[in-house]
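Reader: I have just opened this one, and I would like to understand the labels people put on it. Could you take me through them with the reasoning behind each?

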Amino acid sequence: MAYETIIVEVEDHVATIKLNRPDALNALNSQLMRELSDALRDADGNEKVRCIILTGSAKAFAAGADIKEMSDKSFVDMFLSDYFGKEHDAVTRVRKPIIAAVAGYALGGGCELAMMCDFIIAADNAKFGQPEINLGVVAGIGGTQRLTRFVGKSKAMDMHLTGRFMDAEEAERSGLVSRVVPAKQLMAEAEAAANKIAEKSRMTAMAVKESVNRAFETTMSEGILFERRMFHAMFATEDQNEGMEAFLEKRTAQFRDK
Ligand code: CAA
């Protein structure tokens, strides 16, 4: 499909989606969010793809929702269109693992989009923030909820109330990102992680994603029961058999998604 605000490449088993509105620091407008939702749905449905990377430019992952697009809207416009509601849900419905590779600014909706992915690898020049308060609004695609779960109440309040930016080192220390790498190595690191995931059983990777995500949605005891049942269910797959046999025979497992 021809997109104008994103670039999609599929290489081996990895789909890379690059946000591409360089003149606006990849600000998220309706067209970009619609194209991103479509591209993610296609990657999720593409048999060949086993992992997805979402990235931006060297200067900005995304500097937030598009302020120019939003500035004239009324409450009625926002409410009736459920602004970014459908697109938020489309991103979170993707069942395959998504890695956010973040360089430069990840602000407002950009930080929220990165947090919707399954983990974040940050370049050492990355800057995260929820500066919506400076515009007289609150975060709108999960920032108050997800950032609080990632970094705790005190730091989330600090970020949302002051609108300050957090550098990559602080983001890693706080649990927002999984690793920080030199900016030049960002894509190589993200691709290596995606290829590593692509070697696993696709079913098991999807089960891991569903199980970890239960931790955000339910109580500890329900989450642990969900995980245990998922663990039990894996014993109905050939990939469990292959994984364990390969270990015992001291060879690399050849998973077949069965
Ligand atoms: N929306 C629309 N355009 C944006 C944008 C945004 N969020 N962020 C940057 N741009 C545009 C600028 O308007 C500018 O365009 P022009 O050249 O046409 O004027 C271009 O991108 C480059 O930006 P700057 O000149 O400002 O670049 P800078 O290097 O001086 O500053 C920055 C970079 C600190 C990221 C600054 O651009 C900035 O503060 N951007 C806004 C960040 C923000 O407030 N994000 C939250 C948006 S609201 C939101 O996201 C709500 C939600 O939760 C859903």
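**Labels and the reasons for them**

Author: Gladly. Let us start with L80, which is found in helix α3, residues 75-81. Please keep in mind that this is a predicted model.

Reader: Why does L80 count as exposed?

Author: The relative accessibility of L80 is 68%. Exposed means over 50%, so L80 at 68% earns the label.

Reader: Which residues make a nonpolar surface patch with L80?

Author: F75, V76 and F79 join L80 there, and the patch covers about 500 Å².

Reader: Let us turn to the rings. How many aromatic pairs are there?

Author: The structure holds five. One of them is formed by Y83 and F84.

Reader: Why is the pair of Y83 and F84 called stacked?

Author: Their ring centres are 4.3 Å apart and their planes meet at 20 degrees. Rings pair if their centres lie within 6.5 Å, and planes under 30 degrees apart count as stacked. Both values pass, so the pair of Y83 and F84 is stacked.

Reader: Are Y83 and F84 buried or exposed?

Author: Buried means under 20% relative accessible area. Y83 has 14%, so Y83 counts as buried. F84 has 6%, so F84 is buried as well.

Reader: What makes the pair of F150 and F216 edge-to-face?

Author: Here the ring planes are at 70 degrees, with the centres 6.0 Å apart. Edge-to-face asks for planes over 60 degrees apart, so F150 and F216 fit that label.

Reader: Where do F150 and F216 lie?

Author: F150 is in helix α6 (residues 143-151), while F216 is in the loop between α10 (202-214) and α11 (220-233). The pair therefore ties together parts that are 66 residues apart in sequence. F150 counts as partly exposed at 26% relative accessibility, and F216 is partly exposed at 32%.

Reader: What sits over the ring of F226?

Author: That is the charged end of R214, 5.3 Å from the ring centre.

Reader: Now the charges. How do you know that K155 forms a salt bridge with E170?

Author: The closest N and O atoms of K155 and E170 are 2.6 Å apart. A salt bridge needs such atoms within 4 Å, and 2.6 Å meets that cut-off. K155 lies in helix α7 (residues 153-162) and E170 in helix α8 (residues 168-173), so the bridge ties together parts that are 15 residues apart in sequence. With 10% relative accessible area, E170 is buried, whereas K155 at 22% is partly exposed.

Reader: What makes D42 and R41 a salt bridge?

Author: Their closest N and O atoms are 3.9 Å apart, and the cut-off is within 4 Å. R41 counts as exposed at 52% relative accessibility, while D42 is partly exposed at 36%.

Reader: Where do R173 and E169 lie?

Author: Both lie in helix α8, four residues apart, which is about one turn of the helix. They form a salt bridge whose closest N and O atoms are 3.2 Å apart. R173 has 58% relative accessibility, so R173 is exposed; E169 has 47% and is partly exposed.

Reader: Which residues are joined into one network by salt bridges that share partners?

Author: E47, R50, R202 and D257 are joined in that way.

Reader: And how many salt bridges does the structure hold?

Author: There are 17 salt bridges in the structure.

Key. Residues numbered from 1 in each chain as written. Predicted model: local features only at pLDDT ≥ 70, side-chain atom pairs only at ≥ 80, totals over all residues. Heavy atoms only, no water. Buried < 20%, exposed > 50% of the residue type's maximum accessible area, 1.4 Å probe, protein only. Helix = DSSP H or I, 4+ residues; strand = E, 2+ residues; numbered from the N terminus. Lys NZ or Arg CZ within 6 Å of the ring centre and 35° of its normal. Patch = residues over 30% accessible without salt bridge, like charges linked within 9 Å, V, L, I, M, F, W, Y side chains within 5 Å. Areas by Shrake-Rupley, 256 points an atom, 1.4 Å probe, with all protein chains shown as cover. Salt bridge = Lys/Arg side-chain N within 4 Å of Asp/Glu carboxyl O.
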